[in-house]
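Reader: Please take me slowly through one part of this model, starting from a single residue and working outward to what surrounds it. I am new to this, so please explain each term when it comes up.

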Amino acid sequence: MKLEFLIPHYKESAEVIESLLDSIAIQQNIDFNQIGAIIAYDGGEALKLPQTEWDTKYPFQIKHIHCEHNGVSATRNAALDASTAEYVMFCDADDMFYNACGLYIIFREIENGGFVLLDYYTYLPYINLCVCYDKLGNSKLAYEYNEKAG
């Protein structure tokens with residue numbers, strides 16, 4: 001697998017997370033066998049989600065992991081530990097792609113060596129707060145993409 005979305009979940013409703021998953025499922029020019037999502041449940045009070053339904057609804061693999069309630073950072077780390085993908089993208093449960101070609105752009109950048117790890121705050125190609133990490137873990141804001149987006 002090339003890219004996995006790491007999604008921490010605590011008390012967000014299924015509808016909120018479905019908006020993110022739906023926005024991934026409508027992406028254009030993507031091999032869905034190359035992407036997946038890990039939904040990491042933060043503690044026993046995390047709302048139950050329709051796991052079986054989602055496994056058949058979406059064209060990409062979804063893994064579900066359950067963690068002790070230790071906060072969002074520990075939950076993200078657990079999702080990262082569970083990932084087997086070459087690249088990961090951290091998403092909040094209420095994030096979504098507003099552009100149907102956002103993943104295509106990300107894969108193009110991966111192929112060109114532009115991204116190693118993404119922290120996704122807004123949508124592509126109109127990146128506002130996309131934080132990119134090089135192979136040494138140095139964060140760099142995507143200024144050149146901001147300039148192109150205007």
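Author: A residue is called buried when its relative accessible area is under 20%, exposed when it is over 50%, and partly exposed in between, using a 1.4 Å probe and protein chains only. This is a predicted model, in which local features need pLDDT of at least 70 and side-chain atom pairs count only at pLDDT 80 or more, while totals for chains, interfaces and linings use all residues. Residues are numbered from 1 along each chain as its sequence is written, and side-chain values use heavy atoms, with hydrogens and water left out.

Let us start with P59, which counts as partly exposed because its relative accessibility is 40%. P59 sits in the loop that joins α2 (51-57) to β3 (61-67), where helices (H or I, at least four residues) and strands (E, at least two) are DSSP runs numbered from the N terminus. Leaving aside residues up to four places away in sequence, P59 touches A25 and F32, contact meaning heavy atoms within 4.5 Å. Although P59 and I24 are 35 residues apart along the chain, their C-alpha atoms are separated by 9.4 Å.

The helix α1 (14-25) is also linked to α2 by a salt bridge, since D22 in α1 and K57 in α2, 35 residues apart, form such a pair. A salt bridge is a side-chain nitrogen of Lys or Arg within 4 Å of a carboxyl oxygen of Asp or Glu, and here the closest N and O atoms are 3.7 Å apart. D22 is partly exposed, with a relative accessible area of 31%, and K57, at 42%, counts as partly exposed too.

Another residue of this region, L21, touches I7, A37, I39, W54, Y58, F60 and I62, again not counting residues up to four places away in sequence. L21, F5 and I35 have the most contacts inside the largest nonpolar core, which has 28 residues. Such a core is a set of buried Ala, Val, Leu, Ile, Met, Phe, Trp, Tyr and Cys residues joined through side-chain atoms within 4.5 Å. Among the elements that give two or more residues to this core are β1 (3-9), β2 (35-42) and α4 (102-111), but the largest share, five residues, comes from α1. In soluble globular proteins, nonpolar side chains tend to be buried together.
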